[in-house]
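Biologist: Could you take me in for a close look at one part of this model? Pick a single element, and tell me what it is made of and what it sits against.

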Amino acid sequence: MAALSACSYILSGVEGFHSGRAANVTIKQTIVTKMNAERFNAYRIMWVLVLYDLPTETKANMKDANRFRKALIDDGFTLFQFSMYVRHCPSRENAEVHIKRVKFMLPKAGKVAIMCITDKQFGDIEIFFARNKEEPPPTFQQLELF
């Protein structure tokens with residue numbers, strides 16, 4: 001309520017502004033609408049894709065590959081396709097945190113590619129299984145607590 005009062009105080013000097021309950025409700029609705037539009041913008045929400053091809057000839061290679069796969073799962077990635085994991089991130093900053101974590105847990109051998117795309121781009125993916133079109137995985141709405 002203090003932030004709303006501060007907004008009312010600032011806007012009280014604007015010509016044509018009338019303070020009161022109706023004005024406070026309008027200001028609050030405008031602020032909430034702008035915050036929600038920014039928070040859930042399809043170009044702000046990101047998906048991190050990790051694609052890998054790791055050697056599994058020796059027991060040590062298999063152990064490293066399994067350790068990497070389990071670390072991805074522990075970090076919130078889900079299997080999208082064989083050797084491809086995805087993670088939904090509410091912002092570019094959050095995506096960068098998870099990219100750094102993936103870089104930290106890279107195995108000694110093999111190829112790993114990390115790709116970051118917007119929610120809009122991810123939503124345009126067309127997925128087919130045996131010539132039948134499938135829907136892409138659902139996007140998650142993340143609850144943010146202050």
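Modeller: What follows starts with the chain as a whole, goes to one helix, and then works outward through its surroundings.

A word on ground rules: this is a predicted model, so local features need pLDDT of at least 70 and side-chain atom pairs count only at pLDDT 80 or more, while totals for chains, interfaces and linings use all residues. Residues are numbered from 1 along each chain as its sequence is written, and side-chain values use heavy atoms, with hydrogens and water left out.

The chain has five helices and six strands (DSSP runs numbered from the N terminus: helices are H or I with at least four residues, strands are E with at least two). Going from the N terminus, the order is α-α-β-α-β-β-α-β-α-β-β. Of the 146 residues, 26% are buried; buried here means under 20% relative accessible area, exposed means over 50%, and partly exposed is in between, with a 1.4 Å probe and protein chains only. Take contacts (heavy atoms within 4.5 Å) between residues at least 6 apart in sequence: 64% of them join residues at least 24 apart.

My pick is α4, residues 92-104. With 13 residues, α4 reaches 18 Å from its first C-alpha to its last, close to the 18 Å expected at 1.5 Å a residue (the expected span is 1.5 Å times one less than the number of residues). Its buried residues are A95, H98, I99 and V102. Looking down the helix axis, these buried residues fall within an arc of 105 degrees, so they line one face of α4; that arc is taken from the directions from the helix axis to the C-beta atoms. K100 and F104, on the other side of α4, are exposed. And what covers the buried residues? The cover includes β1, α3, β3 and β4.

Now for the charged side chains. The structure holds four salt bridges, a salt bridge being a side-chain nitrogen of Lys or Arg within 4 Å of a carboxyl oxygen of Asp or Glu. One of them joins E93 to R44, at 3.9 Å from N to O. E93 lies in α4 and R44 in the loop between α2 (21-39) and β1 (46-53), so this bridge ties together parts that are 49 residues apart in sequence. Both ends show some surface: E93 is partly exposed at 47% relative accessible area, and R44 is partly exposed at 30%.

R101 makes a salt bridge with D75, the closest N and O atoms being 2.7 Å apart. R101 is again in α4, while D75 is in the loop between α3 (59-74) and β2 (78-81), so here the pair ties together parts that are 26 residues apart in sequence. R101 is partly exposed at 41%, whereas D75, at 10% relative accessibility, counts as buried.

Next, the strands that help cover the helix, starting with rings. The whole structure has four aromatic pairs (rings of Phe, Tyr and Trp, the latter by its six-membered ring, with centres within 6.5 Å; planes under 30 degrees apart are stacked, over 60 edge-to-face, the rest tilted). Y52 and Y85 form a stacked pair, 6.2 Å centre to centre with 15 degrees between the planes. Y52 lies in β1 and Y85 in β3, so the pair ties together parts that are 33 residues apart in sequence. Y52 and Y85 are both buried. Then there are F80 and F122, whose ring centres are 6.0 Å apart with planes at 55 degrees, so that pair is tilted. F80 is in β2 and F122 in α5, 42 residues apart, and the pair links distant parts of the chain. F80 is partly exposed at 23%, while F122 is buried at 1%. W47 joins F80 and F122 in one aromatic cluster.

Last stop: I117, in strand β4. At 12% relative accessibility, I117 counts as buried. The C-alpha atoms of I117 and V48 are separated by 6.6 Å, although the two residues are 69 apart along the chain. Leaving aside residues up to four places away in sequence, I117 touches I45, M46, W47, L49 and F122. Two of those names, W47 and F122, you've met already in the aromatic cluster.
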